[in-house]
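Visitor: I should like a close look at one enclosed space in this model. Please describe the residues that line it, and then set it beside the other features of the structure.

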Amino acid sequence: MNLFDVYPLYNITPVKAEGCYIYDENNIEYLDLYGGHGVISVGHTHPDYVSKIKKQLDNLGFYSNAIKNPLQVELADKLGKVSGCTNYSLFLCNSGAEANENALKLASFHTGKARVISFKNSFHGRTSAAVAVTDNPKINAPINKQQIVTFLELNDADAVENELKKGDVCAVIIEGIQGVGGLDEGTTPFFKKLESLCKEYDAILILDEIQSGYGRCGKFFAFQHHDIQPDIITTAKGMGNGFPIGGVLISAKLKASYGLLGTTFGGNHLACAAAISVLEIIEKEDLITNVNDVSDYFLSEIKQISQIKNIKGKGLMLGLEFDFEIGELRKKLIYEHHIFTGGAMNKKLLRILPPLSVKKVHIDTFIKALKEILKS
Ligand SMILES: Cc1ncc(COP(=O)(O)O)c(C=O)c1O
């Protein structure tokens, strides 16, 4: 059987990894400044993480959500404490799209309404409602286009209010910082206005922190830069450091009832062990302080590269905007300098999403490579 051919692939086959490095079958070392789409949080094959998952597998890998699973309780407790979101409840699932599906569904159940406000250039996943609220018609099939969604400009609070006034909006969904779209973000006054408008017009404010969360932006969640309390927060990516897991953090305003949500695999024992280990490492190694230190260093050193016209993002979720399309630059970084970086919908933007444990020396390597490529 062939693979369904939907991914244009770089011609590299990683076979092992450690920390911020990936090794191919010829043992060539690659510096990972992309973390496989911002997934690697605590570093590849972190020894504590590996041993926790192995131990769990020796005991119990999976059983259904019809029985007690103390690991889910431990994960919820730890996530609440580490993120500062103790007054939320946790629903566990397997991916980012699934977290957003459940968030949107909850908003619709709670308000009895169906229309969603989303923003231009947003990305929220590829499944049913999650892709419908994603601003990319190319990945929306006719079945997805049945959803009722209005896309507005980021930071246009008047437009949001005009739509909310119509009374049929169940949710406003927004990324902490836009990832795939190209690192644009709402201002603090805009986030604060969204919070108050959603309260006023009985809509649920969903913060998609799937890429921007888990310490990546220098606080546990990016919205914490804006001093707001969303009704729902969605997480995935960094949550499992590569083990598939997603989470929906739900404020007390939304009430649970038996059967309201459900999943076969979500919150399984192995996934919980992985996610607990990630939080333990984030705390033990003070990775959020490291994110801020390395980010400051990156932002000061990158000034040496005059071809960069604009820098977007926060912490270690950064976008370097050039005045040319970066496809060739990215290829040279990978094939000639063995450094992984990312692209975005904005073709002139190079995305940097390294493991949160990345060191200043790795930034030096990247800047040296950029200089060499750009002078040639
Ligand atoms: C902000 C955001 N939301 C949702 C998703 C979808 O996550 P997943 O691919 O795990 O379904 C992504 C993935 O890139 C994302 O960046």
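How do the residues lining the second largest cavity divide into nonpolar, polar and charged?

Guide: The model is a predicted one, and the answer applies to it as such. The lining of the second largest cavity consists of two nonpolar, five polar and one charged residue. Its members are Gly38, Ser41, Gln211, Gly213, Tyr214, Arg216, Gly238 and Leu356. Tyr214 and Leu356 supply the nonpolar part, and Arg216 the charged part, whereas the glycines fall in the polar class because Gly is counted there. The volume of this cavity is about 30 Å³.

A search of the whole structure yields two cavities of 30 Å³ or more. The other of these, the largest, has a volume of about 40 Å³. Around it stand Glu195, Lys199, Leu205, Gln229, Asp231 and Lys253. Here the classes are one nonpolar, one polar and four charged residues.

One lining residue leads on to the ligand. Gln211 belongs to the lining of the second largest cavity, and Gln211 is also one of the residues around the ligand. The rest of that shell comprises Ser95, Gly96, Ala97, Asn100, Phe123, His124, Gly125, Glu175, Asp208, Ile210 and Lys237. By class, the shell holds three nonpolar, six polar and three charged residues. Helix α4, residues 96-111, makes the greatest contribution to it, with three residues.

Several polar contacts can be located within this shell. A polar backbone atom of Gly96 lies 2.8 Å from an oxygen atom of the ligand, and a backbone N or O atom of Ala97 is likewise 2.8 Å from a ligand oxygen. On the side of the ligand's nitrogen chemistry, an N or O atom in the side chain of Asp208 is 2.8 Å from a nitrogen atom of the ligand. On its own the ligand has 390 Å² of accessible area, and the protein covers 80% of it.

Elsewhere in the model there is an open sheet of four strands, ordered β1-β2-β3-β13, with mixed pairing. Its edges are β1 (14-18) and β13 (339-340), each of which pairs on one side only. Between β2 (residues 21-24) and β3 (residues 29-32) the pairing is antiparallel, over three bridges. Tyr21 has Leu31 in β3 as its bridge partner.

Technical notes:
Residues numbered from 1 in each chain as written. Predicted model: local features only at pLDDT ≥ 70, side-chain atom pairs only at ≥ 80, totals over all residues. Heavy atoms only, no water. 1 Å grid on protein atoms, 1.4 Å probe; cavity = no way out; pocket = protein on both sides within 12 Å on 5 of 7 lines; lining within 4 Å. Points joined across faces, edges and corners; volume = space filled by probe spheres on them. Pairing = 2+ DSSP bridges. Helix = DSSP H or I, 4+ residues; strand = E, 2+ residues; numbered from the N terminus. Near = heavy atom within 4 Å. Polar contact = N/O pair within 3.5 Å; in protein donor to acceptor, adjacent residues only side chain to side chain. Areas by Shrake-Rupley, 256 points an atom, 1.4 Å probe, with all protein chains shown as cover.
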